[in-house]
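Reader: I have a structure open beside its sequence, and I would like to go through a few of its packing details with you. Could we take the questions one by one?

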Number of protein chains: 2
Amino acid sequence: MKLSEGVEWGLHCTSVLASLPTKATLPTKALAEYHGVSETYLSKHLQALTRGGIIESVPGPRGGYRLARPATEITLLDVVEAIDGPEPAFRCTEIRQQGPCAIESSAYHLPCTIHVAMARAEKLWRNELRAQTIADIVAQLDDRVPQRVQHLAEKWLSEHVRTASEKA
Amino acid sequence: MKLSEGVEWGLHCTSVLASLPTKATLPTKALAEYHGVSETYLSKHLQALTRGGIIESVPGPRGGYRLARPATEITLLDVVEAIDGPEPAFRCTEIRQQGPCAIESSAYHLPCTIHVAMARAEKLWRNELRAQTIADIVAQLDDRVPQRVQHLAEKWLSEHVRTASEKA
DNA sequence: GGAGTGATACTCGGATATCTGGTGTCCGAGTTTTCGCGG
DNA sequence: CCGCGAAAACTCGGACACCAGATATCCGAGTATCACTCC
């Protein structure tokens, strides 16, 4: 079981966007440079976040991405599912209904025991990710990120962010 | 995030082996036919379970596989990790330490917030899988599998199982 | 008839192809800005 | 000087290659069985 690398990128990018002023945008190029990752590939994942309704795009020059709704209403699960897909990790193919001992499908009233157990574990995982929002992540950054980095980031972002009122 | 199909096969096969008499074995061919899956490919996963110490193999004619330890001491997580590998699904690549705002690595005393959150969710998933054993799964089968299938399975397995005392 | 021995058949184990999905890149559609022109 | 319009620049969005890992298969190593021979 392996989670796409894009999930990490998406979570970090969403967190960065959440720390910007309301309505302010940041283009793919800036987000990619900030995280030191491929711009074109990051673009792919940002598109997935857009399709998932996590962020929204502003086209044209001085455009970019911004959150589609308040960071308090974006859970980690939202981001993970937008990029990785909502399908469960364990998919029961009902192999218990195959082979020489199988009978008509309608006779299997109760779901597969193994399927139930795996689904229960996965539900816990999802619930935990759903319980934490991007706003929670951002709130923790103040205490956990070195002061020096915070200052550097603040300065760098202020030079690349694009607000609605700003006129070049 | 996608769990290998072999995980499902491995869980079912381990459960079947757990329902056999002590020391009795079942060859790959029988396990594959019982579940209606590819024999050669199932073999690959059974090898993984062997390497993981879940089951053990008996070579030669009248050989096969059996549990390496009591079913009460085999958790679902053991089987999942034996086949899917023990690596965590989310791997933090520390992209926070890249880009124009990064400083020397030694300055990042506290772990990445996102990494912590993802790891916590994954820990819950693992704990849940660790809390349930193959013996628990087998115990539930009596109530959840149609009587008719239980009889068919009992008969079919008795014709393919190989006990230590049996002499052809 | 019983024991020993060689051939045999069956099993697991690892090495080898194939294929799907993640990884990575590029070019076109659309919009805002900007520059130039005319009034 | 101000308004209008066309061109341009920059953005996102989707379509197109590439590669690693899962999927699927085959053949060789090893062992218990079995048959045959000899005592």
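Author: Contact here means heavy atoms within 4.5 Å. Please keep in mind throughout that this is a predicted model.

Reader: Is His12(A) buried or exposed, and which residues is His12(A) in contact with, leaving aside its neighbours within four places in sequence?

Author: His12(A) is found in helix H1 of chain A, which spans residues 5–18. Because buried means under 20% relative accessible area, His12(A), with a relative accessible area of 10%, is buried. Leaving aside neighbours within four places in sequence, the residues in contact with it are His35(A) from chain A and, from chain B, Ile95(B), Arg96(B), Cys112(B) and Ile114(B).

Reader: Which residues does Thr113(B) touch, not counting residues up to four places away in sequence?

Author: Thr113(B) has its place in helix H5 of chain B, residues 113–131, and counts as buried at 7% relative accessibility. Once residues up to four places away in sequence are set aside, the residues that Thr113(B) touches are Ile137(A), Gln140(A), Leu141(A) and Arg144(A).

Reader: How are the axes of helix H2 and helix H3 of chain A placed at their crossing, roughly parallel or roughly perpendicular?

Author: Two packed helices are described by the angle between their axes and the distance between the axes. For H2(A), residues 28–35, and H3(A), residues 39–51, the axes come within 9 Å and cross at roughly 115°. Since angles of 65 to 115 degrees count as roughly perpendicular, H2(A) is placed with respect to H3(A) as roughly perpendicular.

Reader: Which residues meet there, and how do the residues of the contact divide into nonpolar, polar and charged?

Author: From H2(A) come Thr28(A), Lys29(A), Leu31(A) and Ala32(A), which meet Glu39(A), Leu42(A), Ser43(A) and Leu46(A) in H3(A). The residues of this contact divide into four nonpolar, two polar and two charged.

Reader: Where does Ala71(B) lie, and how many Å separate its C-alpha atom from that of Thr14(B)?

Author: Ala71(B) lies in the loop between strand S2 (64–67) and helix H4 (76–84) of chain B, and at 14% relative accessibility it counts as buried. Apart from residues up to four places away in sequence, Ala71(B) touches Ala18(B), Thr133(B), Ile134(B) and Ala135(B). Although Ala71(B) and Thr14(B) are 57 residues apart along the chain, the separation of their C-alpha atoms is 8.6 Å.

Reader: Which helix gives the most to the largest nonpolar core?

Author: Of the 96 residues in that core, Leu11(A), Leu26(A), Leu11(B) and Leu26(B) touch the most other members. With seven residues, the helix that gives the most to this core is H1 of chain B, residues 5–18.

Notes. Residues are numbered from 1 along each chain as its sequence is written. Chains are lettered from A and ligands numbered from 1 in the order in which they are written. This is a predicted model: local features need pLDDT of at least 70, side-chain atom pairs count only at pLDDT 80 or more; totals for chains, interfaces and linings use all residues. Side-chain values use heavy atoms; hydrogens and water are left out. Axes are lines fitted to C-alpha atoms, for helices over the stretch in contact, and angles run from 0 to 180 degrees between N-to-C directions. Helices (H or I, at least four residues) and strands (E, at least two) are DSSP runs, numbered from the N terminus. Angles under 35 degrees count as roughly parallel, over 145 as roughly antiparallel, 65 to 115 as roughly perpendicular and the rest as oblique. Ala, Val, Leu, Ile, Met, Phe, Trp, Tyr, Cys and Pro count as nonpolar, Asp, Glu, Lys and Arg as charged, and the others, Gly among them, as polar. A nonpolar core is a set of buried Ala, Val, Leu, Ile, Met, Phe, Trp, Tyr and Cys residues joined through side-chain atoms within 4.5 Å. Buried means under 20% relative accessible area, exposed over 50%, partly exposed in between (1.4 Å probe, protein chains only).
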